[in-house]
Amino acid sequence: MDSFLIKGGIPLQGEVTISGSKNAALPLMAAALLTADTCTLRRVPDLSDTRFMLRILESLGAETRFENGTVTIRAASLRGFGDYDLIRKMRGSICILGPLLARLKEATVSLPGGCIIGTRPIDLHLKGLAALGGRIEIEGGYVKAKAKKLEGNTIFLGGRAGPTVLGTANILMAAALAEGVTVIESAACEPEVTDVAHFLIGMGAKIQGLGSPTLTITGVRELHGTDHEVIPDRIEACTFLCAAAATKGDVLVHGAKPEHFGAVSDKLQEAGVQLKREGASLRVSRSGRLKPTDITTLPYAGFPTDVQAQFIALLCQAHGTSVVTERIFESRFMHVAELMRMGAEIAIEGPSAIIKGGRPLSGAPVMASDLRASAALVIAGLAAEGETMVNRIYHLDRGYERMESKLQALGANIQRVEGE
Ligand code: EPU
């Protein structure tokens, strides 16, 4: 397993270009199953997760190509039974269920397990598909869904922790081919869901209410192929903003959509980080001390859970006490113990991390436990004095395209150490 060796203490300086969004690309690829025509997706990040999704689509009978950031998918013939092990390994693969059921009226997909950040149930996905007419059974580790036909319905998709991102995408995709009108109430408003809606509209779907909590879908008989550019990855952009701020750097970020991460920009500024639009780009810099700040993760347009870990790494540098409360996933604090190995002073109290910041971090061997936790450890390593070895970075490779080369271009001393 590969590791990153980081020699910290160098302010990041220069320019970085943000890749396409992983969390948009995954459901977009699944949406291509809704038609027998060829779909083209541009600006797809080259990641182990996107490569994995293509393998899943191939296991269902689709033909795929991935070249220079462009993916083409042609699902002319399709079977409704995916490879159990492939699907089980990636939670994002649950979003093939809606398209398969809509197109074939039958789908068997392995039940995704929980993961390190929480139990991650799929009850809302299943509730939505059942409301459209799907008969769902869980058997032998599989979700088996069948329907004579799918019919529009009004579906409330809010859960214990608010709306569901991939659940909304799943129901949206299925409803696009259902008979009649579907109204999704308490739909997720994340830009990734809106990107899926734009893609579906490009395929001929009729959807109103984009970006709002009420989506109205008027089903159509058939969808056709289309060509679509994936939105920029707002979580990658925020990760680079935090890294630049943590190292007292000065970085020009190209290709991001700042309107997609207003909550993060607001908190960065509250903490004393400078953000300035320069044409279509965003400059992030810090000269003075960081101030402590409190954050609570919330559904969009609130502070994203996917930036919580990176922000904690940043707040370790802020002089004073910050409180970070996680409201989306129940156990998303695995990075805290690792940050403490580097000298961070953090206490966990229920859903909150209390960070007493301001003491310099010192490099240490640490273990990445999930994708965003890994990004937090890289940020901490870049800011720390001395050497940090971040082990198990396969998590990072799932979601950050060429992270080490982008950081090297900003002056960071970071090397990939290959393991067996
Ligand atoms: N939930 C339910 N029932 C469901 C579905 C979700 O109770 O049927 C709960 C979850 O347990 C959680 C909350 O609802 O408490 C929100 O989960 P959501 O369904 O929105 O998460 P997701 O769609 O499975 C996507 C991203 C995650 C991101 C979350 C929240 C992808 C592939 N994954 O997951 O991204 O954290 O939305 O924004 O899009 C990451 O990129 O590191 C990552 C984990």
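The following exchange concerns a four-stranded sheet, one buried loop residue and one pocket of a predicted model.

Author: In this predicted model, local features need pLDDT of at least 70 and side-chain atom pairs count only at pLDDT 80 or more, while totals for chains, interfaces and linings use all residues. Residues are numbered from 1 along each chain as its sequence is written, and side-chain values use heavy atoms, with hydrogens and water left out.

Reader: What makes β2 and β14 a pair?

Author: Two strands pair if DSSP finds at least two bridges between them, strands being DSSP runs of E of at least two residues, and helices runs of H or I of at least four, numbered from the N terminus. β2 and β14 (residues 250-254) have five bridges in the parallel sense, so the criterion of at least two is met. Within this pairing, Glu15 stands opposite Leu252.

Reader: Why is the pairing of the sheet called mixed?

Author: The order is β2-β14-β16-β15 in an open sheet. β2 and β14 are parallel, whereas β14 and β16 pair in the antiparallel sense over four bridges, with Val284 as the bridge partner of Val251. β15 and β16 are also antiparallel, over five bridges, and there Gln274 stands opposite Ser285.

Reader: What makes β2 and β15 edge strands?

Author: β2 (13-17) and β15 (274-278) each pair on one side only.

Reader: Why is β16 described as largely enclosed?

Author: Buried means under 20% relative accessible area, exposed over 50%, and partly exposed in between (1.4 Å probe, protein chains only). Four of the five residues of β16 are buried, so this strand is largely enclosed by the rest of the structure.

Reader: Why is Ile328 counted as buried?

Author: Its relative accessibility is 17%, and the limit is under 20%, so Ile328 counts as buried. Ile328 is found in the loop between β18 (320-325) and α11 (334-341). Beyond its neighbours within four places in sequence, its contacts (heavy atoms within 4.5 Å) are Ala161, Thr297, Leu298, Pro299 and Thr305.

Reader: What makes the lining of the second largest pocket seven parts nonpolar, five polar and four charged?

Author: Ala, Val, Leu, Ile, Met, Phe, Trp, Tyr, Cys and Pro count as nonpolar, Asp, Glu, Lys and Arg as charged, and the others, Gly among them, as polar. By that rule the lining residues divide into seven nonpolar, five polar and four charged.
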